[in-house]
Amino acid sequence: MPAVVLIGAQWGDEGKGKITDYLAQRADVVVRYQGGNNAGHTVVVGDQEFKLHLIPSGILYPGTTCVIGNGVVIDPKVLVKELDYLKSKNINTDSLRISERAHLIMPYHIRLDELEEERKGINKIGTTRKGIGPAYMDKAARVGIRVIDLLDKDEFSEKLKRNLQSKNNLLERVYEVKGFDFQEIYSEYLGYAEKIKHLVADTSVIIHDALDEGKNVLFEGAQGTLLDLDHGTFPYVTSSHPVAGAACIGAGVGPTDISKVIGVVKAYTTRVGEGPFPTELTGEMGDLIRNIGHEYGTTTGRPRRCGWLDCVILRYAARVSGLDSIAITKLDVLDQVEKIKICVGYKYNGQELRNFPSSLKVLAQCEPIYEEMDGWLEDTTHIRSYDELPENAKKYIERITRLIGVKSAIIAVGPKREQTIVIDTIFES
Ligand code: GDP
Ligand code: IMO
Ligand code: MG
């Protein structure tokens, strides 16, 4: 029953796509279970780069079943575009399965996301404006439209009409903008239904059967721990649960089905969007890391804010997701850095904080306590075994491991599939 959950341990963009793609070599099923096309997972195979937003990063392996689980919010327009994009790159997508229970992102969700961000002005969240928040709001309000509804013309028509009544009311009377036309959305969405209906299934059954047969199942998280609706830096978070527990709800499996949880950790920290970031580097060092690490958003192209590695965050991620091991990515980005800092704690009001604070006001006033380490100043991108890594790189990894109390299983030293050092095997066979 080898079911492995892979999550982002920071603010997203840790390299989950790359690690998922690497582990998918041995996986029979790869499942996305939360988020939507706010995610941007980059996978590099040979000299080809793939940017995936909705479809699991296991899709590049023929024969691997890929699942978009019930916990994902699906913009069918984006899904159809992504399927076409993969086909244009000669990737077979027949093995994709889409949950009947997943909720749909509708055009009014995207519009409301944009309008709310504009209304909030300087207090904006900095969302990806893909309609994620409003779609999850409708799910929680029990008015959302699911994939299964889209496949039933009458049901879809009725639910769309009902939703448009209230959404157009809101758009026209509160936001004072034009509402949406029923017929336009209805025919556009039925067009998408035609294109995806053969892929729609009760995906919980597929995953359950695979686990029953002893197959390897990999759950690919999107976003990161600090963007979690409950555990993240609220309100500067996304509207789903990037922590490991969400894999069960978002895929339809039980906690007893999960055998391992891996946290993907970037060798430094980045964040897109607004909100406090204690180890942020706003000067030259931040620019250097951004340039070497190509830290620009996969989904929105926004420059990512960069900073030193923060072990307070990582200890927190280890706790809330029950991490068994971590995969450290982008170690190579630090190859040219002479002195590397690690945040080992926070100082607040003259006292050291033991745990990651809930209050954003407190977090904004936390001063990182740093340890400084000598860099290795050597190219690591060609290294394929742990022993070959420069001594100072090993010291950096070992210090992180000790500070967070979780072992390192994988080290990535470049975006390509082969630029991966395995310390601990995740799937035995
Ligand atoms: P995700 O959202 O967690 O999947 O991460 P993104 O794909 O948004 O961002 C990670 C970026 O770093 C991508 O462009 C990857 O190709 C790249 N990447 C992943 N691992 C490594 C690594 O070890 N070294 C370098 N240099 N780039 C990496
Ligand atoms: P991957 O899976 C980084 C951020 C947005 C914003 C906040 C809310 O590639 O790691 P949303 O559109 O979700 O309502 O935006 O969450 N965000 C991400 N940041 N990586 C992501 O995904 C993200 N998905 C959302 O920038 O701050
Ligand atoms: Mg990303």
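Me: How far apart are the centres of domain 1 and domain 2, taken over C-alpha atoms?
Reply: 29 Å, in what is a predicted model.

Me: Where are the two domains cut in sequence?
Reply: Domain 1 has two segments, 3–94 and 202–422, and domain 2 is 103–198.

Me: How many residues does each domain put into the contact?
Reply: Domain 1 gives 27 residues and domain 2 gives 22.

Me: And what area is buried between them?
Reply: About 1900 Å², with carbon and sulfur atoms giving 63% of that.

Me: Which residues of domain 1 lose the most area to domain 2?
Reply: Val 73, Pro 76 and Val 80. Together they account for 26% of what the domain 1 side buries.

Me: What about polar terms, how many residue pairs are in polar contact between the domains?
Reply: Six, with both residues of each pair at pLDDT 80 or more.

Me: Which elements give two or more residues to the domain 1 side?
Reply: β6 (73–74) and α2 (76–88). The largest share of that side comes from α2, with five residues.

Me: How many salt bridges does the rule find across the interface?
Reply: One. Separately stated, Glu 274 forms a salt bridge with Lys 124, and their closest N and O atoms are 3.8 Å apart.

Me: Switching to the metal. What are the protein donors of the magnesium ion, ligand 3?
Reply: Asp 13 through OD and Gly 40 through O, at 2.0 to 2.2 Å from the ion. Asp 13 sits in the loop between β1 (3–8) and α1 (16–23), and Gly 40 in the loop between β2 (29–32) and β3 (41–45), so the pair ties together parts 27 residues apart in sequence.

Me: Is Gly 40 buried or exposed?
Reply: Gly 40 is buried, at 12% relative accessible area. Asp 13 is partly exposed, at 22%.

Me: Now backbone oddities. Where is there a cis peptide bond?
Reply: Between Phe 234 and Pro 235, with omega about 5°. Pro 235 is in the loop between β10 (217–220) and α9 (246–251).

Me: Which residue in that loop has a positive phi without being a glycine?
Reply: Gln 223, with phi of about 55°. Gln 223 also lies in the loop between β10 and α9, and is buried, with 8% relative accessible area.

Me: What is phi at Arg 142?
Reply: Near 65°, a positive value in a residue other than glycine. Arg 142 is in the loop between α4 (132–140) and α5 (147–150).

Me: Is Arg 142 buried or exposed?
Reply: Arg 142 counts as exposed, at 75% relative accessibility.

Notes
Residues numbered from 1 in each chain as written. Chains lettered and ligands numbered in written order. Predicted model: local features only at pLDDT ≥ 70, side-chain atom pairs only at ≥ 80, totals over all residues. Heavy atoms only, no water. Donors = N, O, S within 2.8 Å, 3.2 Å for Na, K, Ca; no water. Helix = DSSP H or I, 4+ residues; strand = E, 2+ residues; numbered from the N terminus. Buried < 20%, exposed > 50% of the residue type's maximum accessible area, 1.4 Å probe, protein only. Domains from an automatic or database assignment. Contact = heavy atoms within 4.5 Å. Buried area = accessible area lost by both parts, 1.4 Å probe. Salt bridge = Lys/Arg side-chain N within 4 Å of Asp/Glu carboxyl O. Polar contact = N/O pair within 3.5 Å; in protein donor to acceptor, adjacent residues only side chain to side chain.
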